[in-house]
Amino acid sequence: MTPARQAEVSEREAQVLAALREHGSNAQIAGRLHLSVRTVEGHVSSLLRKYGLTDRRELAAMAGAAGPGVPPPAEVAGVPDTRTTFVGRGVEVELVSTALRQERLVTLLGPGGVGKSRLAAVVASSYPSGGAFVDLVPVRDGFVAQTVAAALGVAESSQRPLEEAIVERLHPGRSLLVLDNCEHLLDAVAAFAERLLSACPQARILTTTRERLRAPGERTIPVGPLSLGGAAEALFRDRATSADPGWSAEPATVSDVCARLDGLPLAIELAAARSVSLGTAGLLTAMGDYLRLLAGNRGPDVRHRSLRAVLAWSHDLLDEAEQTLFRRLAIFVGGFDVAAVVSVTSQAPEAVADLLGRLADKSLVAHQRASGRWRLAATVRAFAQDRLRAGGEYEEVRRRHLDWAAATATALEERLDGQWREEFDAVVDDLRGALVNAPPGPDAGSHRLTRSLGHLAYARRFLAESRCHYQHAAGRAPTPAQAAADLRSAADCARTGGASGTEVVDLLLASAEHARAAGDGNAQAIVLARVVEFARRSPALFPIAIPAERLRELLEEAAACGDRSDPVVAARLASARSWTTSSTSYAADLPSARTAVDAARSTGDPVLISAALDALAWAEWCVGAPEIYRLCNAERLRLVTTMNRNDPYTGPEILDALFTAARSPLRTGDLQAALSVGRMSLSDDLLDSRSYGAAWIHIPPLMLVGDFEEALRYATMMWDGWQRAGRPADGRLVASVAGAALAHGLRGDLSDFRMWRGRVHEIAGVTPDFASKLPSPVFADIRMALHTGAVTGAASLLTRAFGDHRGGYFATYCHALGAELAVVAGLADAADRLRQAASTGERNDWAAACLARATWRLHGDPDALAASVEGWERIGARFERACTLMLLPDRAAEGRAELTALGVPGDLPHVS
């Protein structure tokens, strides 16, 4: 495994890293290095941040792969490869390198062709802390983040916006992000840089542009022409001899040429390429007419004009075939290959390859060895664009470029199950550019490309971009039926990308309206039924709930316009109907849910089957059938593996199935199954291991098994991600926040316990009083009372523990632990509480082990205590097992060792 960037590792951290290589636990490392466990934990957390890794297993694997010593630095990804030597600029390289050590935003400022990009590439190639080099020449406004994300190898996920993914990749160290050629994106780049540097305190950004960004903290370094009488002539000689090793010329003549070209590197390279055929003296004569008017006035503007004059001179020396291809190449905003040029020019591949080679010999086109693609420099392309428009063939070439883009996007769609991503990243700027150049309004070619781009962007996990493409596709759709399909896909992208329920419903209703206009009653019925089902299954996503009466109206409209003999229509209607018989959240009608499952199975669509199973699971839970609830969710999890992950249609159901499946084993106390689902969620790219949506799934089971270190790491990740997402009220996160509080408390960090305990109402969006009655915070409070022996408030805690928890999955845990607290506190109704907790009728292995321990406390039954130890062992609850062993005199030392390994201090009662 290669680290994401170099880490500045201290001597002690290097020792911890070496011990991790041998897979030592924190307790073992602490003993070996004579440190506290908490200090080791701090070093591990620091190393995870510095290397940008997810967990200690990845850290150990990275350390093992690197071998002895500290892993080496990472490279700046994407630095352009060049076939030519770098001439001069030694002072500038040192100046820029020093500036990057001192400042966080450095801009190389100068005219086109002066060598800013090459200077930035040289600096980046020796930068010690990794990062990425991003060429913005082909990038349109609004796509800066996507281009940077592609260079860094990160993507969007359900609850992690693209810029957040970029921040997390760059955050741990002094990473360098080079943004090359920013002049056409000044405002966008300035805003992006400001947000990024604010979120990444150690990151550095190096930009190249013709104008200042005018961003806060920007340090500008002017980049001037090469010095005459030295570097300029050296560059000319180097490029000329590279083209012809036998080339020679009088030094004075070379100096004269370089002086007339103002020392501009690009102009010098163009001239040097021509000197092989013309000779240096002939070159000076040939250029004379183009440069004569500029003589005697050598300001910056004239330098730019002198470059254009050399471009015009070099262009006019081309033959007709070379000129034709050169100007047509201007339609490409990024790199291109021979096949793309053939599509745009309608020339034979052999002729195109020959002409490209000839243009490259004249330094008008650059060949990129790593990718095998060709590219025009920004200044050269601008000149070629002028020639293309002046030649009167722009419209024809634009249309061919659009046709090529649509065909390329379609071909990439057909390869989504194979190797496609690298080629997509290589051509995406041109796909976007073809759309920008296309005329507005309905058009079959533009619609085809826009919809394909939506699909590709979704598969690339650019979720927000995907939604925009689908919405724009609806505006380009030749028919209402196509627009309806586009808006359905946009709604799926919005839902997967974490949009509010209101936004999703608005898109679905717009789709239904287009379906109605198309006379497609079935499509209209399906979309309206989806609105009803979505509103009832996901009420937490709506700032203001859709009234039940309105949902019934929509369902009636759907039933009236759809053909119920159509299997999909019938399944959608049945699924929606199963959720509308009750006004209670997350409550479905059992007979209707069974009908919905049967109807869905007849379609063979895993998305429809999973949705119907969700209704059946909740209906079975509400009637007291937890085993069927578990089986339904287990089947949904299996169905997830059969869904096409590149299709926006499946995204919302995949996410819902993962979220629900994560809670299902927790309801039965099957902690290992819950951890397994958590790991599955963390590896799912729709969630992403660093998004708060994935983190919250993993925290409760980690806390319950006693892996407090991991639970707290994910809790920090969750909290940070939730804040970056705008602090949306999300009741799903309550158990994870309460779990983080408890993990801190059990390890003796009482101030952190109180801090996290106070965060419950913030993340739930409710009052502190209401939050105190939620089952998971109640569970945390009871467990802390038992752990610390502070049982004077037991009666009040029990009132909360046995309150109305509306079916929350932590209610069973509260009842069992509350009964144990009643026994420990010596309350008169302890026996009644024990019986009450045991009579809930819900199977929960964690609760069963807890109640067995409480039974021993009340009656002294040794078999009950043995059953408790066995129960904890079976579900892998290390902390509770250790606490239970502390109650057995002959095994107390074993329990104490386990608690120490878990980072639990030895000065608290631990329910003994």
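Which residue does the side chain of His455 meet in a polar contact of 2.6 Å? In this predicted model, the partner is Glu413, whose side chain is joined to that of His455 at this distance. His455 is part of helix H21, which spans residues 444–459. Its relative accessibility is 17%, and His455 is therefore classed as buried, the limit being under 20%. Apart from residues up to four places away in sequence, the residues that His455 touches are Glu413, Leu416, Tyr470, Asn646, Asp647 and Pro648. Glu413 thus appears both as the polar partner of His455 and among the residues in contact with His455.

Confidence in the prediction varies along the chain. The average pLDDT of the protein is 84, and 88% of the residues reach a score of at least 70. Helix H23 (residues 480–496) has the highest confidence, at 96, whereas helix H4 (residues 56–66) has the lowest, with a mean of 60. The pLDDT falls below 50 over residues 1–7, a stretch that nevertheless has 31 contacts in the model beyond near neighbours in sequence. Residues 65–73 also lie below 50, and 15 such contacts are found for this stretch. Where pLDDT is low, the predicted coordinates should not be interpreted in detail.

An open sheet is formed by 6 strands, with parallel pairing and the order S1-S3-S4-S5-S2-S6. Its edges are strand S1 (76–77) and strand S6 (218–222), each of which pairs on one side only. Strand S4 (residues 176–180) is joined to strand S3 (residues 131–135) by 5 bridges, and the two run parallel. Within this pair, Val134 has Leu179 of S4 as its bridge partner. On the other pairing of S4, 4 bridges lead to strand S5 (residues 204–209), again in parallel, and Val178 stands opposite Leu206 of S5. Between S4 and S5 the chain passes through helix H9 (residues 186–199), giving a right-handed β-α-β crossover. S5 also pairs with strand S2 (residues 105–109) in the parallel sense, over 5 bridges. Here Val106 is the residue opposite Leu206, the S5 residue that also faces Val178 of S4.

Strand S4 is largely enclosed by the rest of the structure, because 5 of its 5 residues are buried. In a regular strand, side chains alternate between the two faces of the sheet. In S4, Leu176, Val178 and Asp180 point one way, while Leu177 and Leu179 point the other way, and all are buried.

Farther along the chain, helix H36 (residues 750–758) contains the buried residues Phe753, Trp756 and Arg757. These residues lie on the same side of H36, because the arc they cover around the axis is only 100 degrees. The buried residues of H36 pack against helix H34 (708–724), helix H35 (734–746), helix H37 (760–764), helix H39 and helix H40 (794–801).

Ser772 is located in the loop between helix H38 (768–771) and helix H39 (775–788). Ser772 counts as buried because its relative accessible area is 18%, under the 20% limit. Leaving aside residues up to four places away in sequence, Ser772 touches Arg757, Val778 and Arg800; of these, Arg757 is one of the buried residues of H36. The C-alpha atoms of Ser772 and Gly758 are 9.5 Å apart in space, with a separation of 14 residues in sequence.

Key: Residues are numbered from 1 along each chain as its sequence is written. This is a predicted model: local features need pLDDT of at least 70, side-chain atom pairs count only at pLDDT 80 or more; totals for chains, interfaces and linings use all residues. Side-chain values use heavy atoms; hydrogens and water are left out. Buried means under 20% relative accessible area, exposed over 50%, partly exposed in between (1.4 Å probe, protein chains only). A polar contact is a pair of N or O atoms within 3.5 Å; within protein, one must be able to donate a hydrogen and the other to accept it, and residues adjacent in sequence count only if both atoms are side-chain atoms. Contact means heavy atoms within 4.5 Å. pLDDT is the predictor's confidence in each residue, from 0 to 100. Two strands pair if DSSP finds at least two bridges between them. A crossover is right-handed if, with the strands pointing away from the viewer, the path from the first strand over the helix to the second runs clockwise. The arc is that of the directions from the helix axis to the C-beta atoms.
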